[in-house]
Amino acid sequence: MGKLKILFLCTGNSCRSQMAEGWARQLKGDSIEPYSAGVEPHGMNEIAIQVMKEAGVDISSQHSKHVDELRDVPFDLVVTVCDDAHEACPVFSGKTRVVHVRFDDPPRLAKTARNESEAMEHYRRVRDEIRAFVESLPGGFEKVGQ
């Protein structure tokens, strides 16, 4: 049985989807082949890289990419992790399932933080929420063709 191909889709592919890809690789690498992309890639978020490193996951070698770069990958599951990506999600061929699991946007929340410590707590909270979601995978999502 092959690995479940999962795409984590976000607007910028800079933070939440990158965290999800990193967690899936670290926690579920034996059963999931994770990818991440954005509908408007912005480049990697350095604070996301930092907080993932704090948790023992190195995402520094990942890169921000447009979802079109992955159009030939037969995904089993696409997880939109923000409302904008959910609304702009392209149509995927085959039996790809698309689910929406919204996570707060750490960079947006950090802009209103009173100090750096409070800003970092937004990133860490979302990081941990994404980890909990990834730990629940595959959660009933079966591989295409089974």
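Which residues are linked in a network of salt bridges? That one is settled in the last view; every view below comes from a predicted model.

**View 1. The sheet is an open one with four strands.** Going across it, the strands come in the order 2-1-3-4, and the pairing is parallel. Strand 2 and strand 4 stand at the edges with a single partner strand each, so one side of each has no neighbour in the sheet. From one strand to the next, the twist averages 20 degrees. Look at strand 3 and strand 4 and you'll find them paired in the parallel sense over four bridges. One residue to pick out in strand 4 is V98, the bridge partner of V78.

**View 2. Helix 1 packs on the sheet.** Here helix 1 touches strand 1 and strand 2, and its direction makes about 170 degrees with that of strand 2. Helix 1 runs over residues 16-28, and at 1.5 Å a residue its 13 residues should span 18 Å; the end C-alpha atoms turn out to be 17 Å apart, which agrees. Is this helix mostly covered or mostly open? Mostly covered: ten of the 13 residues are buried. Among them are M19, W23 and K28. The cover over these buried residues includes strand 1, strand 2, helix 2, helix 4 and helix 5.

**View 3. Y35 and F75 make up one of two aromatic pairs in the structure.** Their rings meet edge-to-face, 5.2 Å centre to centre, with 85 degrees between the planes. Y35 belongs to strand 2, while F75 sits in the loop between helix 2 and strand 3, so the pair ties together parts that are 40 residues apart in sequence. Both Y35 and F75 are buried.

**View 4. F103 and F133 form an aromatic pair too.** This pair is also edge-to-face, with centres 6.1 Å apart and 65 degrees between the planes. F103 is in the loop between strand 4 and helix 4, and F133 is in helix 5, so parts that lie 30 residues apart in sequence are tied together. F103 and F133 are both buried.

**View 5. E33 and K5 join strand 2 to strand 1 through a salt bridge.** How many salt bridges does a search of the whole structure find? It finds 14, and in this one the N to O distance is 3.4 Å. The pair links distant parts of the chain, 28 residues apart. E33 is partly exposed, with a relative accessible area of 28%, whereas K5 is buried at 19%.

**View 6. Two salt bridges sit within helix 5.** R124 and E121 meet at 3.1 Å, N to O. They are three residues apart, about one turn of the helix. R124 is partly exposed at 22% relative accessible area, and E121 is partly exposed at 44%. Further along, the side chains of E135 and R131 meet at 2.9 Å, N to O. E135 and R131 are four residues apart, so about one helical turn separates them. E135 is partly exposed, at 40%, and R131 also counts as partly exposed, at 30%.

**View 7. Here is the network from the opening question.** E54, E121, R124, R127 and D128 are linked by salt bridges. Two of its members, R124 and E121, are the helix 5 pair shown in View 6.

Terms used. Residues are numbered from 1 along each chain as its sequence is written. This is a predicted model: local features need pLDDT of at least 70, side-chain atom pairs count only at pLDDT 80 or more; totals for chains, interfaces and linings use all residues. Side-chain values use heavy atoms; hydrogens and water are left out. Rings of Phe, Tyr and Trp (its six-membered ring) pair if their centres lie within 6.5 Å; planes under 30 degrees apart count as stacked, over 60 as edge-to-face and the rest as tilted. Buried means under 20% relative accessible area, exposed over 50%, partly exposed in between (1.4 Å probe, protein chains only). The expected span of a helix is 1.5 Å times one less than its number of residues. Contact means heavy atoms within 4.5 Å. Two strands pair if DSSP finds at least two bridges between them. Axes are lines fitted to C-alpha atoms, for helices over the stretch in contact, and angles run from 0 to 180 degrees between N-to-C directions. A salt bridge is a side-chain nitrogen of Lys or Arg within 4 Å of a carboxyl oxygen of Asp or Glu.
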